[in-house]
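Me: Please take a close look at one part of this model, the open sheet and what lies against it. I am in my first year, so give the cut-offs for each term.

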Amino acid sequence: MPSSTTKSPRIAVLADSDTRWKWGALTADRITPGPPMEAAAREGTPARPALSGFLLRGRSTPTARQLEEVGVHADSLREVTAVEFLRAMAEESYDIVVLALVGGGVQAMLHGLKRVWEGRRKRPVVVTGYVGVVYEKLADGLLLRHGADLVLANSRQDAERFRAVYEGVGADASSVTEVALPFLGGAPYAGEHDPYTVVFAAQPSVPDSRKDRTYLLERLVRHARLHPGREVLLKLRSKPGEHTTHIEELPYQKLAQRLDAPANFRMVYGNMGEVLDRTDLLVTVSSTAALESLHRRIPTVVLTDLGVRETLGNHHFVGSGCLASWDQLDDGHRPAPDEEWVARQGVAAVGSPAGAGSYAHAFDAARERITKLLGRPGGLPPLTPYYTPATAPGYLPGILARHHLGPDGTPLPGAPAADKEPGPVRQVVRRAARGAYRHGVQRVAPVIRRMGEL
């Protein structure tokens, strides 16, 4: 292993939401050469390298409560603008940089990093990927991520699709590296709890209409009434006013205020892994929580009540054996997942005939590739994204400008790049701006939409 990795590799993770921070930090741990943190702790080996966390300032910057709920900690963690992050990457030395961002953010940072590392003999390995199921904007999202040294695919199926897209446009596909979701884990399901617990994993933007969200909530409450001996939980991602990876215009908390729910129904927050510890049946429309649940062999249902549609994302689960409706669940249906499908998704708990023990080695290829890149004689070549001012002159400049970068990745004049923590006035203004944005999303936008439907 190269000298840069024998002595505590330094890792930086830039994330723009709570879920992407969780994905980025856990991915960084699993792909770094050497034993993962938990293994190091068990075996008494030296502590893992320090992790520097950067939270990109924006509408979905996680709150302190969300960060605590995620349960992933860094040795340092600060909120930054894109330009501030690029400045830190120019001034500080890292071995690995993980970009846990939406596609446009990744593209902007690739161009910005290419600029700030110009002329540098050695640069970090740049890694990016997806936080969960990729069910929309496949080509758009992938091409925005092209240029990173590793583009992580969470399953064999995703790796094949990713390579096909890159090769189809004549882009280098060698960066695509098959791994798995980094937050799978927990004890395999060992049998029913007392009381039997049904959990509905809510999503901020799926479905997105009041009618559909109210329908799902009413069916969940109805299930609780039909089965008074069960505990029925609505697992929520965020509290009203908070944002996560996706915008939530109609929080279930507000919709539930009009319902007379039974005593065995309640809403819960917290780490999904901890909620799954007491789950006997996981129900969702298309949440990544379904993959976490399947990994632990917990009975899992992906709802068909609103149809099997690309806009819902539940089409991803065709062939899984998990598709079912609330009527079937009310009648006692227990799904049986298709083992071959589960294995293709990179989801296979210990004891699964589809791939026993495979998850433990899911990140081996990524670690090996990073080790080789870090030890490359003469360092790594400059980053080369597929999109350039020559290949996408009508698209790329707008993406970069949203992050205050010019067409060549250089910060634009007047770009926010503070050298210190914001003062009291700036903090007040920032909070007011976020509050106005969230009010617009959760109050004004739905009204305008309803008026447009008249």
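Reply: The sheet comes first, then the helices across it, then some ring contacts.

This is a predicted model, in which local features need pLDDT of at least 70 and side-chain atom pairs count only at pLDDT 80 or more, while totals for chains, interfaces and linings use all residues. Residues are numbered from 1 along each chain as its sequence is written, and side-chain values use heavy atoms, with hydrogens and water left out.

The open sheet is formed by seven strands in the order β3-β2-β1-β4-β5-β6-β7, and the pairing is parallel. Strands here are DSSP runs of E with at least two residues, and helices are runs of H or I with at least four, numbered from the N terminus. Two strands pair if DSSP finds at least two bridges between them. The edges are taken by β3 (76-80) and β7 (176-178); each has a single partner strand, so one side of each is left without a neighbour in the sheet. On average, neighbouring strands of this sheet are turned by 25° against each other, direction ignored. Axes are lines fitted to C-alpha atoms, for helices over the stretch in contact, and angles run from 0 to 180 degrees between N-to-C directions.

At the β7 edge, strand β6 (residues 150-153) pairs with β7 in the parallel sense over three bridges. Here Ala-153 stands opposite Glu-178 in β7.

Two helices can be placed against the strands, where contact means heavy atoms within 4.5 Å. Helix α2 (residues 18-31) lies across β1 (11-15), β2, β3, β4 (96-100), β5 (125-128) and β6, and runs at about 150° to β4. Helix α15 (residues 364-374) lies across β4, β5, β6 and β7, at about 175° to β6.

The structure also holds seven aromatic pairs. Rings of Phe, Tyr and Trp (its six-membered ring) pair if their centres lie within 6.5 Å; planes under 30 degrees apart count as stacked, over 60 as edge-to-face and the rest as tilted. Phe-54 and Phe-85 have ring centres 5.3 Å apart and planes at 75°, so this pair is edge-to-face. The pair links distant parts of the chain, with Phe-54 in strand β2 (residues 51-56) and Phe-85 in helix α5 (residues 82-91), 31 residues apart. Phe-54 is buried at a relative accessible area of 2%, and Phe-85 is buried at 0%. Buried means under 20% relative accessible area, exposed over 50%, and partly exposed in between (1.4 Å probe, protein chains only).
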